Every structure is written in C-alpha cells, then in structure tokens.
Amino acid sequence: MLDKFITPLIKPVLIPCVKQLHKKGVSADQLTLIGFLIGLLAVPLIIFEYWYGALIVICINRIFDGLDGALARYAQSSSSAGGYLDITLDFLFYALIPFAFILSSPEQNALAGSLLLVTFIGTGSSFLAFAIAAEKFKLDKPQFKYKSFYYLNGLTEGTETIALFIAFCIWPQYFSILAVLFAIACAITIFTRIYGGYYTLKQQETAFHEVNHES
C-alpha cells in the first residue's frame, strides 16, 4: 500500500551511491546476490536472539534491494533475468525471517509464524501469477513503470513487510501478536488481489476474443 509513496522518495537518495557503483563496474545482479547473502545472516542472529544485529542486517539487505534496481535502471541494464532473480530472492528472504523467529522460540512463535508464512504464500502467488498473465496481455504498469514485471499492489507490500520485520526485532516478545495481525492484513491483500486480478483478466480475455471475432 505504501510502496507507491515511499519509492519516489527513496530513489533520488540512492543516485549518488548508484553512480559510484556503476563507475566501479558493479552490476545490479551482483548487488542482488550480495544483499541476499547479507540478509541470510539475519537467520542465525534471530535464532540466537541477537535482535538488534538482525535488525541491522535486515536494513542492509533492504538497502541493497533498493540499490540493485536503481543501478539497473541507471546503467540501462534492466532485464527479465535480473527481475526474476531479484523477486525470487526477495520472497525467499521474506519467508526466512518468520521461519527464524519460529526456530528461536517454537513454543511461542510456531503457530503465529506458520500462519504468517501461509499468508505470505498467498500474497506472493497472487502477485506473481497475475504478473505472468499481465505480461501475456501487455498490461500497462501505471504505478510502477520501472519494474520489470507488472506490480499488482495491495494492502501489504514491501514497505509494510519490512516495517513488520523491524517491529519483530524491536519487540520480539510480541512476535505472535504482530504476526497474526499482519497475517490478517495479508489475507485482505490476497482477497483483493484475487478478486481484482481475476476480473481484470476476464475483461482482457473478453476484449481479446471480441477483437478476434470481429477480425
């Protein structure tokens, strides 16, 4: 929900760093991989309850996630392969953080964390499945034209998810409450994405068949 407002504010801040990275010959895909590997460090830090260390690592991972796309656009090297790598590792990272909290305290966190992971699967699948169909019909990307795929927005997006992870690290004792509340928000996102995506694609298919029938 907040991505479309936050992203335009962040992009100009990244430009000086992006220019330096480009001069040094760093590629966007390299940033994606490095950022993911750094993000993986959050898992053992969470398991052993180094909350603020995990918080720092999560924030660094998200900075790299912003830099890789900005660098790809600056270097005019945006590609489907890069977009695929980025979103795949992002979703894996998103799943690993709740999983780490489950491992840190299974008795307290397992049920709420599992529920959150289920809804993460729902938001991710509804997001990516629509992107595939949107590519088929060449749908415009009015809010996120810089993305390499159609970005179907919703109540819970990247900004909200990172805010949740930060809250987890600051108030780990409230993980279960926060996870359940966010899972409810994700469920709303799943419903609106499926409903909106389904009827959008039905309209596109109807229009496509009408054009073919007339021709």
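**Exercise 1.** Is Ile188 buried, partly exposed or exposed?

*Solution.* The model is predicted.
Step 1: locate the residue. Ile188 sits in helix α8.
Step 2: read its relative accessibility. The value for Ile188 is 44%.
Step 3: apply the cut-offs. Buried means under 20%, and exposed means over 50%. Ile188 therefore counts as partly exposed.

**Exercise 2.** Find the nonpolar surface patch that includes Ile188, and state which element gives the most to the patch.

*Solution.*
Step 1: list the members. They are Tyr52, Leu115, Leu155, Ile170, Trp171, Tyr174, Ile177, Val180, Leu181, Ile184 and Ile188.
Step 2: give the area. The patch covers about 1,000 Å².
Step 3: assign the main contributor. Helix α8 gives the most, with five residues.

**Exercise 3.** Classify the ring pair Trp51 and Phe101, then place the two residues in the chain.

*Solution.*
Step 1: set the context. The whole structure has 15 aromatic pairs.
Step 2: take the geometry. For Trp51 and Phe101, the centres are 5.5 Å apart and the planes differ by 5°. Planes under 30 degrees apart count as stacked, and this pair is stacked.
Step 3: place the partners. Trp51 belongs to helix α4 (residues 51–74) and Phe101 to helix α5 (residues 80–104). They are 50 residues apart, and the pair links distant parts of the chain.
Step 4: check burial. Trp51 and Phe101 are both buried.
Step 5: look wider. Trp51 and Phe101 belong to one aromatic cluster, whose members include Phe91, Tyr94, Phe127, Phe168 and Phe182.

**Exercise 4.** Work out why the pair Tyr195 and Tyr199 counts as tilted.

*Solution.*
Step 1: take the geometry. The ring centres of Tyr195 and Tyr199 lie 4.9 Å apart, with the planes at 55°.
Step 2: compare with the limits. Stacked needs under 30 degrees, edge-to-face over 60, and the rest are tilted. At 55°, the Tyr195–Tyr199 pair is therefore tilted.
Step 3: consider the sequence. Both residues lie in helix α8 (residues 175–214), four residues apart, so about one helical turn separates them.
Step 4: check exposure. Tyr199 has 44% relative accessibility, so Tyr199 counts as partly exposed.

**Exercise 5.** Describe the largest cavity and its lining.

*Solution.*
Step 1: count. The structure has one cavity of 30 Å³ or more.
Step 2: give the volume. The largest cavity holds about 80 Å³ of space.
Step 3: name the lining. It has 13 residues; Thr32, Gly35, Phe36, Asn61 and Asp90 are the closest to the cavity centre.
Step 4: assign elements. Helices α2 (28–40), α4 and α5 each give two or more residues to the lining. The largest share, five residues, comes from α4.

Terms used
Residues numbered from 1 in each chain as written. Predicted model: local features only at pLDDT ≥ 70, side-chain atom pairs only at ≥ 80, totals over all residues. Heavy atoms only, no water. Phe/Tyr/Trp six-rings, centres within 6.5 Å; stacked < 30°, edge-to-face > 60°. Buried < 20%, exposed > 50% of the residue type's maximum accessible area, 1.4 Å probe, protein only. Patch = residues over 30% accessible without salt bridge, like charges linked within 9 Å, V, L, I, M, F, W, Y side chains within 5 Å. Areas by Shrake-Rupley, 256 points an atom, 1.4 Å probe, with all protein chains shown as cover. Salt bridge = Lys/Arg side-chain N within 4 Å of Asp/Glu carboxyl O. 1 Å grid on protein atoms, 1.4 Å probe; cavity = no way out; pocket = protein on both sides within 12 Å on 5 of 7 lines; lining within 4 Å. Points joined across faces, edges and corners; volume = space filled by probe spheres on them.
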